[in-house]
Amino acid sequence: MTVHTTPDIAAMVRHAVHDSATVRAVGSGTWLSGGPVAADATARVVHPPGGVIAYTPGDLVITVHAGTTMQELADITGTEGQMLALAPYGSPQSTIGAVVATASAAPLAYDDLTVRDLVLGLTVVTGTGDVVRPGGTVVKNVAGFDLVRLHTGAFGTLGILTAVSLRLHATPHMDHVVTGTLDDAPDQWVPRLIANRAPLPMLVRLAPDGPPQLFARCTGNTARASALRGLVQAAGARDAFTLGPSDTSASGTHETPAAMLRHVAPDALVLRARTQPAHGAALIAQARHHFPEATVLFHPLRGTVRISVPAPRSHGDLGADADARVAAFVAGATTAAGAAVSVVVEQGAAPCRDAHPLDAAIKRSLDPHGVLPRRRAVPPDSFRP
Ligand SMILES: Cc1cc2nc3c(=O)[nH]c(=O)nc-3n(C[C@H](O)[C@H](O)[C@H](O)COP(=O)(O)OP(=O)(O)OC[C@H]3O[C@@H](n4cnc5c(N)ncnc54)[C@H](O)[C@@H]3O)c2cc1C
């Protein structure tokens, strides 16, 4: 595999503009068919290199080339007792450029941090071949419009990330995922989880069969981790038990609960719906009703549900009527919750509508020639009441 430096990538983009061609960044290439990017077999591929550009452990900041893998980051920062506090989907071979481009924080991230909380600065090649450096290498660095957040989660549609500056955390002394089953109804356990909420990442997983399962990540020193575990048990997890260290430092296997929560088939339709946490039970009931074949993850502190609907070839009839089913879910959830419900499509082709005018204008300004990937699915306005 040939890797390309930032000047190489800028030159390739300019050539693509001249040739009316397209360019796509590829990291380890493990998730190219996933996400909302339109397939383009003719795209010219660029591979940003890996490796550390600067690491200042005393400032808990590292700057790396975008092709650096999560495993490499864990190894480098681990020697200083530090970590990048992300638990992205996929394998430890995922590259940081792709993790930022897809904003893959994933469930049970340390302290519920998202990618946007941890990216301090970027080097980006835009669709005109210009090199821009939004953000910086210190924690407080944003003045004016925050372009770092714009590129984070843009799936490379607004620019190719070639370097990333990241905020690090000290590795906690203890790091465990606690799990147990909830054997009463959601309208009973949702208020209980909210009442017993603790400052820890917590999720309830509702599979099509089997009881709801509560997962909570307890981290810190021994006293804090034990106290958090007590709170999880108070929240009603029957037979709560500690399964062992989580794999969230990107070193894990597929047996751990964190890895189990992180697996999503690239061809699944993934929706994220949000309402006030107190209305979570209504949201869950509507998700179960409209997508009985789906696995639902409920986040009690945020009031979000993440609905992963398997691809139609293995289950059900999602394909053609996905748009209608999503619309029916939104209508049902809004009525049942008695409050605003916002829904976004995190992954999958449906529903497919024209881009929001603001999104379209940003795309035009950073990629006026359409050289970079474009999104194939945009949540329509009507799904954001
Ligand atoms: C909702 C969701 C679910 C996911 N589920 C899974 C899963 O089940 N399994 C899994 O393996 N991964 C999954 N991912 C993706 C995963 O978290 C990582 O993003 C991916 O594993 C990174 O691996 P990679 O280096 O092989 O990326 P690649 O496959 O190389 O790239 C992934 C995407 O990022 C773009 N990209 C890569 N590098 C750059 C760059 N430098 N600049 C701009 N764009 C870039 C690519 O064009 C592509 O669209 C999921 C992501 C999301 C958002």
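# A tour from the five-stranded sheet to helix α6

Start by selecting strands β4 and β8: they run antiparallel and are joined by five bridges. Pick out V64 here; its bridge partner in β8 is V164. Keep in mind throughout that this is a predicted model.

**Stop 1: the buried strand.** Stay on β8, residues 160-167. Seven of its eight residues are buried, so β8 is largely enclosed by the rest of the structure.

**Stop 2: a threonine in β4.** Select T63, which sits in strand β4. Is T63 buried or exposed? It has a relative accessible area of 12%, and below 20% a residue counts as buried, so T63 is buried. Now show side chains. Those of T63 and S165 are joined by a polar contact of 2.8 Å. Next, display what surrounds T63. Beyond its neighbours within four places in sequence, T63 touches V52, I53, A54, T137, V164 and S165.

**Stop 3: the other side of β8.** Add β6, residues 119-125. Six bridges link β6 to β8, and the two strands run antiparallel. Find V125: I160 in β8 stands opposite. Then add β7. Two bridges connect β6 and β7, again antiparallel. One pair to mark is V124 with its bridge partner in β7, V132.

**Stop 4: the whole sheet.** Which order do the five strands follow? Colour them as β3-β4-β8-β6-β7; this is an open sheet with antiparallel pairing. At the edges lie β3 (52-56) and β7 (131-132), each pairing on one side only.

**Stop 5: the helices on the sheet.** Select residues 6-19, helix α1. It lies across β6, β7 and β8, and runs at about 50 degrees to β6. Now select residues 70-78, helix α2, which packs on the sheet. Helix α2 touches β3, β4 (61-65) and β8. Its direction makes about 145 degrees with that of β4.

**Stop 6: the loop before α6.** Leave the sheet and go to A185, in the loop between β10 (174-181) and α6. A185 has a relative accessibility of 32%, so it counts as partly exposed. Draw a distance to P211. The two residues are 26 apart in sequence, and their C-alpha atoms lie 9.8 Å apart.

**Stop 7: helix α6.** Select residues 186-195. Which residues of this helix are buried? They are W189, V190, L193 and I194. Look down the axis of α6: the buried residues fall within an arc of 135 degrees, so they line one face of the helix. The spacing helps to read this view. An α-helix has 3.6 residues a turn, so residues three or four places apart point the same way. Turn to the face away from the buried side, and you find the exposed residues D187 and A195. Then show the partners of the buried face. The buried residues of α6 pack against β11 (202-206), β12 (213-220), α9 (280-290) and β15 (295-299).

**Last stop: the whole protein.** Zoom out. The protein has 11 helices and 17 strands. Of its 385 residues, 51% count as buried. Take the contacts between residues at least 6 apart in sequence: 71% of them join residues at least 24 apart. Finally, switch on the surface. The accessible surface is about 16,500 Å², and carbon and sulfur atoms account for 56% of that area.

Notes:
Residues numbered from 1 in each chain as written. Predicted model: local features only at pLDDT ≥ 70, side-chain atom pairs only at ≥ 80, totals over all residues. Heavy atoms only, no water. Helix = DSSP H or I, 4+ residues; strand = E, 2+ residues; numbered from the N terminus. Buried < 20%, exposed > 50% of the residue type's maximum accessible area, 1.4 Å probe, protein only. Contact = heavy atoms within 4.5 Å. Areas by Shrake-Rupley, 256 points an atom, 1.4 Å probe, with all protein chains shown as cover. Pairing = 2+ DSSP bridges. Axes fitted to C-alpha atoms, helices over the stretch in contact; angles between N-to-C directions. Arc of directions from axis to C-beta. Polar contact = N/O pair within 3.5 Å; in protein donor to acceptor, adjacent residues only side chain to side chain.
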